[in-house]
Amino acid sequence: MNIRKFALAGIGCLTAVIPAFSADIEFSYAEGDTSRFGTKKTENYDVAIRLFDPGFTGNTIKGFSVPVCTEGISNVRLWLSTELKIETVGDKRVNVVDIVEVPVTVGEDGIASVELETPYVITDGGVYVGYSFDIDELTDATMYPVMTGAGSNPDGLYMHTERTYRKWVDFASDFQLCSCLTVNLETPDYENAAGISDMPLVRAMIGEPFTQSVVIANHGTQPINSIDYSYIIEDKTGDGSIVLDVPVPAQYNSKGTVEIPMPAVGSQGQVDFTITVTKVNGIDNPDLTASANGIVNVLSVVPIHRAVMEEYTGTWCGFCVRGFAAMEALNDLYPQDFIALAYHNKDPMAIMSSYPNSFDGFPYSFIDRTIGCDPYFGTSGSNFGIQKVWLTRCESLAPAAVNVTADWDNDDTIKVSAVTTFIEVPQSAYALAYYLVEDDMHGDSKNWLQSNYYANGSNGSADKFIPEMRQFVEGESYVAGLKFDDVVVMTSNMRGIEGSLDGVEMDVPFEHEYSFEAISEALNVYGNPVVQDKSKLRAVVLLLDTATGQIVNAAKTGYIYGASVENVDGSAEVTGIEYYDMTGLRCLNPSDGIFIRLTRMSDGSVRTSKVVF
C-alpha cells in the first residue's frame, strides 16, 4: 500500500469504489498559515467539518486528528456523525452524535488523534468529522482555542459553543477559515485520474452556444496537463480536448477549472446535460466521478447582476478612509456596473440615523444586504478584499433584469422610471426602492475634514495598499479637500415600496415610476440643505426580495441633466450614443418600441433618456 500525504483546501472528490490498489492520504480543508479562533470565554466547544460530495461515497475513514491546547482544557472527544444536532440535557445544550464518539488524551505535541477500531465507510449522505472539549481556564491559548487555516470550502468549519453560539454556525463561508482537522482516508491509487468537483449553474440565451465551467479535481499521482471530454445535451452529443494553460498539480484533490464549449439549446427552461472527462493526459480516465450531470437555465433574457455596496461612514471616523479609497477604486474599475450607496453619520452629509442594515461600528459595509464586511478588507482581511466579495456576489444569478431612467419633471422634481423583467415566474414577493445620490460633495468647514488614522504610515506603508489609499497613508491626521461620491441624499422606503411590483409576470417588462420632490428642501440631520449641486445627482433603483430583505439586482443612471438644472457645463460634447431595450439589453439597430438612449459626453458624464421608435 502506498502512503501519500496532502493537506489541501476544497471538496475532496474521491472515487466511489476502492480498487485493488489503494493509498492512504491525510486530507484537510485548511491550508496556508494557521490562526486561532474563539470566544474568549470558559465554555464547551464543538467543532466539525463535513465530507459531503459524491466522490467521498464508498471511501474509508481510518482515523483523524486535530491540534488543540495542551493546558486549560479537558474532556476532549473526537467523533463522527451523520448530522449536527443540539439537544437540551439538564440545563445544558449539548452536541449529540450518532456514529461514534471517542474520548482521547492530548499528546505532548498538542495533537488529539484517534485510529478507529472499525474504519467508517462514507455513505452518499456524507459525514461530519468533529471534536469537542471544555475550557477550564482562560489563557492566551484557550481564549482562541480553535486552530484554523485559510480556505474557502463551505464545509470547512462548523462550530457550536455552550454560551456564545448556541446553534451550529457555518464560519467557513463568512470568514474564509477552515478547521485544521485532518482525516486519514483510504483512497484509490491512480497515476492519471480526475473527477468533476463542481459545475456551476449557468444561464444561456435561447439559440446561442454557451460555455460551461467545470472544476476538475486531481485524483492521480501525476499533474493534469490535458483532458478529453464528451457531452450529451438534448439530442446533441459532442467531444473535444483541452490543454490546460496551468497544469493541475500532482497533489490529491488539487483543482483546476476548464471551460467546455456547449451547443445552442432551442427551448426555454432548465435543460439537463452530462459532461464526462474521458481521458487525462491522453490516458483513459478510471475515476468513477469522471461524469457529472448539470443544468443550464435557458432564457430569453440574461440579466446583468449589479451587486450593491452600502457603506457606513463619517468624516469623524479615522478608519473610514479605507472605505472611501475602496469605493473610488471600484468605481474606476467597474464604472458601468459598480453601484455604491454611502450612508454618512454625524457629518454634513448625514440624512438619517436609522439604516437599512444593523451593524456594530464604523466603518462597515454590506454587499446586497447579504454579506456584512469591512468596506476595504472584505471578509478575508486581505488588502482590497472587498473587490472579491463584490465580484463573487455579481456572479450569482439575478431573478430579473433591471433598467432605470430619470428626468427632471420640473425645477425641483426628478421622475425616475424603473423597468423590471423577470426571467422566471417570481417565487417570492419583490419590491423596488429608489435612491438619489450625489457626487463631488465637499466643504470648507471643520466638519468636512476627514479624520485619518492612517496618517504618516501609522497603520501600514503606502505600498501595502491600493493607490487610492496613498493620500491617506502619506497624509496628515485630518485630510482637507476630499470630494465624496455616492452619497445618499434622498430615498424612498429603503426596504422597498409596497405594491411596486404587484402584477409582475415572467418575460413581460414591468414599468414603475417614483418621483423625488422638493429636492432643494432635502435636509441633513442638522436641518440644513443637503443637496449641493443638482448637476451631480444620479438615481439608483434596488430590486429587493421582501421575504429576505436582500438586494437581488439594481441599476443606476448617469448624471440627470436637464434644462432646469443649474451648474451644467455646456462645453461637453457628445462622444457616443448607445441604445438599450427595456430589459437592459443593448440594441445596435433599435426599431419599433421604447428604448433607453445613453449619451456619453466628453466630460465623462452619461445622460439617459427614453425614446420611442
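This is a short walk through some strand pairings, cysteines and salt bridges in one protein structure. Keep in mind throughout that the model is predicted.

I'll start with the strands. Take β20, residues 224-233, and β21, residues 236-248. These two strands run antiparallel and are joined by nine bridges. If you want a spot to look at on the screen, find D228, which sits opposite S241 in β21. Together β20 and β21 make a hairpin, and two residues lie between the strands. One thing to check in that turn is the backbone of E234, where phi is positive, at about 50°.

β20 has another pairing, with β23, residues 269-280. That pairing is also in the antiparallel sense, and it runs over seven bridges. Here the pair to look at is I233 and F273, since F273 in β23 is the bridge partner of I233. So much for β20.

Next, the cysteines. How many disulfides does a search of the whole structure find? One. As a reminder, a disulfide is a covalent bond between the sulfur atoms of two cysteines. In this model the bond is between C317 and C320, with an S to S distance of 2.2 Å. The angle about the S-S bond is 85°, and the link between C317 and C320 is right-handed. As for solvent, C317 and C320 are both buried.

Compare that with C180, which takes part in no disulfide. Its nearest cysteine sulfur belongs to C178 and is 9.1 Å away, while the cut-off for a disulfide is 2.5 Å. Is C180 buried or exposed? At a relative accessible area of 11%, C180 is buried. C69 is buried as well, with a relative accessible area of 5%.

Now the salt bridges. The search of the whole structure gives twelve of them. I'll go through some, beginning with R77 and E101, whose side chains meet at 3.7 Å, N to O. This pair links distant parts of the chain, with R77 in strand β6, residues 73-81, and E101 in strand β9, residues 100-103. The two residues are 24 residues apart. R77 is buried, because its relative accessible area is 17% and the limit for buried is under 20%. E101 comes out at 36% and counts as partly exposed.

The next one is D374 with R322, where the closest N and O atoms are 2.7 Å apart. D374 is in the loop between β29 and α3, and R322 is in helix α2, residues 321-333, so this salt bridge ties together parts that are 52 residues apart in sequence. What about burial here? D374 is buried, at 15% relative accessible area, and R322 is buried too, at 11%.

Then there is E474 with R470, and again the closest N and O atoms are 2.7 Å apart. R470 counts as partly exposed, at 39% relative accessibility.

Finally, which residues are linked in a network of salt bridges? They are D439, D486 and R538.

To recap the places to look at: the hairpin of β20 and β21, the pairing of β20 with β23, the disulfide from C317 to C320, and the salt bridge between D374 and R322. That's what I have.

Methods: Residues are numbered from 1 along each chain as its sequence is written. This is a predicted model: local features need pLDDT of at least 70, side-chain atom pairs count only at pLDDT 80 or more; totals for chains, interfaces and linings use all residues. Side-chain values use heavy atoms; hydrogens and water are left out. Two strands pair if DSSP finds at least two bridges between them. Helices (H or I, at least four residues) and strands (E, at least two) are DSSP runs, numbered from the N terminus. Buried means under 20% relative accessible area, exposed over 50%, partly exposed in between (1.4 Å probe, protein chains only). A salt bridge is a side-chain nitrogen of Lys or Arg within 4 Å of a carboxyl oxygen of Asp or Glu.
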